[in-house]
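Visitor: I would like a close look at a single part of this structure, taken slowly and with its surroundings. Please choose one residue, begin there and work outward.

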Amino acid sequence: MHILFCCTDTKAQPWLEGFRAAFPGAEVDIWSAGTPPADYAVVWTPPQQFMDEQTQLKGIFNIGAGVDALMKLRLPLDVPVVRLDDAGMSVQMAEYVSHAVIRHFREFDGYEADVAQGKWSYRKPRMRQDFPVGVMGLGVLGERVSRALAQFEFPVMGWSRAAKSIPGVQCFSGEAGFNDFLAASRILVCLLPLTPDTDNIMCQGTLSRLRPGGYVINVARGSHLVDDDLIALIDSGHLAGATLDVFRTEPLPAAHPFWTHPKSPSRRTPRPARCARKALPRLPARSPRCKVANRWPVWSIPCAATDRAGFGHAGLASRSGEGCFFIGPAPTHFRVFRCLHRRQP
């Protein structure tokens with residue numbers, strides 16, 4: 001078995017060591033132009049040249065949850081694409097978003113500014129019911145974030161393309177529910193995948209529908225947000241600020257107005273919101289299910305299902321016709337994936 005690693009801006013050595021330990025009989029290499037054909041590819045934002053050269057792949061494994069970079073490429077039609085389901089990212093995301101919401105709600109940024117000026121200040125406590133939180137995107141990460149915020153007794157709304165039901169969360173869905181969702185939200189959290197439909201979704205037309213004094217938290221992709229529209233709405237007073245963990249260009253250019261504008265987003269962080277863990281021995285199993293994500297069906301397959309399907313725990317195996325993928329015995333770099341199949345044209 002030949003495994004090829006092609007991950008942009010990623011330290012390869014820990015991954016290579018992990019795969020070699022899990023599959024001692026496998027050949028594990030870093031891709032470079034002209035590398036011999038491999039059986040399986042482990043990727044993150046690979047170039048088109050990689051896909052063009054690797055014509056014998058049986059499966060492509062994406063080391064993150066987002067597949068927007070892969071969707072821009074010409075992928076082989078008969079090769080399953082598998083993405084990470086959670087990998088410890090959901091609890092990190094819940095921590096980050098909860099911190100951002102509470103920091104804004106409790107006005108800790110105002111206290112910090114007063115302390116920096118040597119002021120002893122008091123701010124009247126605000127009511128949670130006046131700060132309903134809307135979470136755009138109710139996948140694995142969005143659902144975990146929504147549940148976490150509900151524990152702090154904020155009114156929590158969620159919006160997704162397909163209808164969902166989450167205890168403690170008022171769910172909206174589809175185009176018909178989008179404007180009502182925005183109108184009910186004062187704090188907006190973006191956890192959507194980046195697709196042609198969600199590109200620039202946070203613009204003047206949508207953000208202006210938030211309740212007055214709204215607040216934006218973007219932990220998805222920089223291209224979801226129209227930067228100039230955000231600044232204009234903060235300038236107008238309709239928005240109180242934002243916490244941004246992602247940007248259109250990263251690192252954020254020194255000349256970008258987010259650095260210098262007097263009313264620029266109050267918090268800018270260089271992507272600490274989530275990081276996939278290298279070993280996943282305790283990922284919870286999920287029941288098999290199928291739905292449509294963009295133009296690909298999506299399956300979640302628990303480890304037990306791979307045993308019943310006859311894959312066992314001997315190593316990386318696939319049955320693309322049934323949508324099952326599994327890598328290795330625990331603990332390994334990956335445990336449970338979602339499998340994305342491209343539809344035939």
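Guide: What follows starts from one arginine and then moves to its salt bridges, to other charged pairs, to neighbouring strands and to the cysteines.

The model is a predicted one, and its chain of 345 residues, of which 52% count as buried, contains 11 helices and 17 strands. Among contacts between residues at least 6 apart in sequence, 61% join residues at least 24 apart.

The residue to begin with is Arg 126, which sits in the loop between helix H5 (108-116) and strand E6 (133-136). Is Arg 126 buried, partly exposed or exposed? With a relative accessible area of 27%, Arg 126 is partly exposed, because that value falls between the 20% under which a residue is called buried and the 50% over which a residue is called exposed. If neighbours within four places in sequence are left aside, the residues in contact with Arg 126 are His 104, Phe 105, Glu 107 and Phe 131. Phe 105 is 21 residues away from Arg 126 along the chain, yet the C-alpha atoms of these two residues are separated by 7.2 Å.

Two of these contacts can be followed down to particular atoms. A polar atom of the Arg 126 side chain lies 2.7 Å from the backbone oxygen of His 104, and a polar atom of that side chain also lies 3.1 Å from the backbone oxygen of Phe 105.

The contact with Glu 107 is of another kind, since side chains of opposite charge can pair when their charged atoms come close. Glu 107 and Arg 126 form a salt bridge in which the closest N and O atoms are 3.9 Å apart. Glu 107 belongs to the loop between helix H4 (89-105) and H5, while Arg 126 belongs to the loop between H5 and E6, so this pair ties together parts of the chain that are 19 residues apart in sequence. As for exposure, Glu 107 is buried, with a relative accessible area of 18%, whereas Arg 126 counts as partly exposed at 27%. The pair also belongs to a wider arrangement, for Glu 107, Asp 114, Arg 123 and Arg 126 are linked in a network of salt bridges.

Other charged pairs can be set beside this one, as the structure holds eight salt bridges. One of them joins the side chains of Asp 39 and Lys 58, at 3.9 Å from N to O. This pair links distant parts of the chain, 19 residues apart, with Asp 39 in the loop between strand E2 (27-30) and strand E3 (40-44) and Lys 58 in the loop between helix H2 (48-53) and strand E4 (59-62). Asp 39 is partly exposed, with a relative accessible area of 22%, and Lys 58 is partly exposed as well, at 44%. In another salt bridge, Arg 74 meets Asp 52, and the closest N and O atoms are 3.4 Å apart. Here too distant parts of the chain are linked, 22 residues apart, with Arg 74 in the loop between helix H3 (68-71) and strand E5 (81-84) and Asp 52 in helix H2. Arg 74 counts as exposed at 59% relative accessibility, whereas Asp 52 is partly exposed, with a relative accessible area of 42%.

Returning to the loop of Arg 126, which ends at strand E6, one can follow the chain onward. E6, helix H6 (residues 140-151) and E7 make a right-handed β-α-β unit, and E6 and E7 run parallel, joined by four bridges. One partnership across these strands is that of Met 136 with Trp 159 in E7. On its other pairing, E7 meets strand E8 (residues 170-173), again in the parallel sense and over four bridges, with Met 157 having Gln 170 in E8 as its bridge partner. Strand E7 (residues 156-160) is mostly covered, with five of its five residues buried. Val 156, Gly 158 and Ser 160 point one way from the strand, Met 157 and Trp 159 point the other way, and all are buried.

A last point concerns the cysteines. The count of disulfides comes to zero. Cys 7 is in no disulfide, and the nearest cysteine sulfur, that of Cys 6, is 6.7 Å away, whereas a disulfide would need the two sulfur atoms within 2.5 Å. Cys 7 is buried, with a relative accessible area of 13%, while Cys 203 is partly exposed, at 23%.

How values were computed. Residues numbered from 1 in each chain as written. Predicted model: local features only at pLDDT ≥ 70, side-chain atom pairs only at ≥ 80, totals over all residues. Heavy atoms only, no water. Helix = DSSP H or I, 4+ residues; strand = E, 2+ residues; numbered from the N terminus. Buried < 20%, exposed > 50% of the residue type's maximum accessible area, 1.4 Å probe, protein only. Contact = heavy atoms within 4.5 Å. Polar contact = N/O pair within 3.5 Å; in protein donor to acceptor, adjacent residues only side chain to side chain. Pairing = 2+ DSSP bridges. Right-handed = clockwise from strand over helix to strand, strands pointing away. Salt bridge = Lys/Arg side-chain N within 4 Å of Asp/Glu carboxyl O.
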